[in-house]
Amino acid sequence: MATKPVVPQNDNVAHALAGAGGGVLSMVLTYPLITLSTRAQVESKRAETNFLAAVKRIVAREGVAGLYSGLDSAVFGISVTNFVYYYWYEWTRAFFENAAAKAGRSSRKLTTAESMMAGALAGSATVILTNPIWVVNTRMTTRRESLEASAELVVEGSGAKAVHGKTKAPTTIGTLMALLREEGPQALFRGVIPALVLVINPILQYTLFEQMKNIFEARRKRNITPTMAFLFGALGKLFATSITYPYITVKSQMHVADQGRKEGMTQAIRRVINEEGYSGLYKGIGSKVTQSVLTAAFLFAFKDVLYDQTVKLRSTMAARRALKA
């Protein structure tokens, strides 16, 4: 009699699929906040507007769809990003756990240092593989508003009557091809240095989450619930994003920089400070922190549920294949 194949609970693919699915759901739910924060990061200080005014301006110019500009590339990007990240994070985590077992350590739980190392390795691999996707997404998110603003300036300068039509949204493929044609393949890796620095963001987030999760499970003698995962995920992301936000601003500005302005991360930080003061490094932080916290909270809440369902589905499929064999 054939025995039912068991999918191990540290299955990297199951974690990666659950992370990708949770990321997509979270991204769709919070994407308007991403649009607002990204546009705030790259606009000049003179163009700054408050949250409600920014929403009204985008809806008036572009319709509600303007709040979701670049969503298709963002969904693709977050699914690839989370799949790669969780796959390598769980692989590294399993490596450390097995090493702890072989060394005879009383607990296989990751230490703070091990959690940080796992996050650094997974984050670095993810940044290098997915940076081109996020360059295209940032261009799409900001380009539509730039086209609208340029059209308005032309109308005002000519004295012509403004026409309140909707600007056609740039497509992912169109934006990619224009970028390659005008600036070359190297443009796809703009902002990769601050992005690598920003690897510290998920390191801080997941390390704090893992430690809070371990404390909760040790005291309650049971696995973490989706509600507590939501709360711990939110706290971890709030802490990480608040610390690393200046680098997020610089990365977004480097993503949309034209070919004539070539500057490194340090130069970009100095330029922002000289032109706008230190507050310029924190443009759009309100909507970004809100979005990041909600995204992380939803992600951690969704991920555990999706992981359980993925394991069950893979186990069922493996059993059916075994029966047919």
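**An all-helical chain and its salt bridges**

Of the 325 residues in the chain, 47% count as buried. The model is a predicted one, and that is worth keeping in mind throughout. Its secondary structure is quick to describe: there are 10 helices and 0 strands. Read from the N terminus, the elements go α-α-α-α-α-α-α-α-α-α. Contacts reach well along the sequence, too. Taking contacts with a separation of 6 or more, 81% are between residues 24 or more positions apart. As for the outside, the chain exposes about 16,900 Å², and carbon and sulfur atoms supply 65% of that area.

Two of the helices give a feel for the details, starting with H5. This helix covers residues 172-183, 12 residues in total. From its first C-alpha to its last it reaches 16 Å, close to the 16 Å expected at 1.5 Å a residue. Which residues of H5 are buried? They are Thr 175, Ala 178, Leu 179 and Glu 183. Looking down the axis of H5, these buried residues fall within an arc of 100 degrees, so they line one face of the helix. Ile 173 and Arg 181, on the other side of H5, are exposed. Just after H5 comes Gly 184, which has a positive phi, near 90 degrees.

Helix H7 can be checked in a similar way. It takes in residues 200-220, and at 1.5 Å a residue its 21 residues should span 30 Å; the C-alpha atoms at its ends are indeed 30 Å apart, so expectation and model agree. Next in the chain after H7 is Lys 221, and its phi is positive as well, near 60 degrees.

Now for the charged side chains. Side chains of opposite charge can pair when their charged atoms come close. With a nitrogen of Lys or Arg required to lie within 4 Å of a carboxyl oxygen of Asp or Glu, the count comes to 6 salt bridges. One of them brings together the side chains of Arg 93 and Glu 210, at 3.4 Å from N to O. Arg 93 belongs to helix H3 (residues 71-102) and Glu 210 to helix H7, so this pair ties together parts that lie 117 residues apart in sequence. Are these two partners buried or exposed? Arg 93 is buried, with a relative accessible area of 16%, and Glu 210 is buried too, at 9%.

Another salt bridge links the side chains of Glu 114 and Arg 105, with 3.1 Å between N and O. Here the partners fall into separate classes: Glu 114 has 12% relative accessibility and counts as buried, while Arg 105, at 33%, is partly exposed. The cut-off behind this is that buried means under 20% relative accessible area, so Glu 114 qualifies, whereas Arg 105 does not.

Glu 183, already met among the buried residues of H5, takes part in a salt bridge as well. Its partner is Arg 190, and the closest N and O atoms of the two are 2.5 Å apart. Arg 190 is buried, with a relative accessible area of 15%, and Glu 183 counts as buried at 9% relative accessibility. Beyond single pairs, salt bridges that share partners join Glu 90, Arg 93, Glu 97 and Glu 210 into one network.

Conventions
Residues numbered from 1 in each chain as written. Predicted model: local features only at pLDDT ≥ 70, side-chain atom pairs only at ≥ 80, totals over all residues. Heavy atoms only, no water. Helix = DSSP H or I, 4+ residues; strand = E, 2+ residues; numbered from the N terminus. Expected span 1.5 Å × (residues − 1). Buried < 20%, exposed > 50% of the residue type's maximum accessible area, 1.4 Å probe, protein only. Arc of directions from axis to C-beta. Contact = heavy atoms within 4.5 Å. Areas by Shrake-Rupley, 256 points an atom, 1.4 Å probe, with all protein chains shown as cover.
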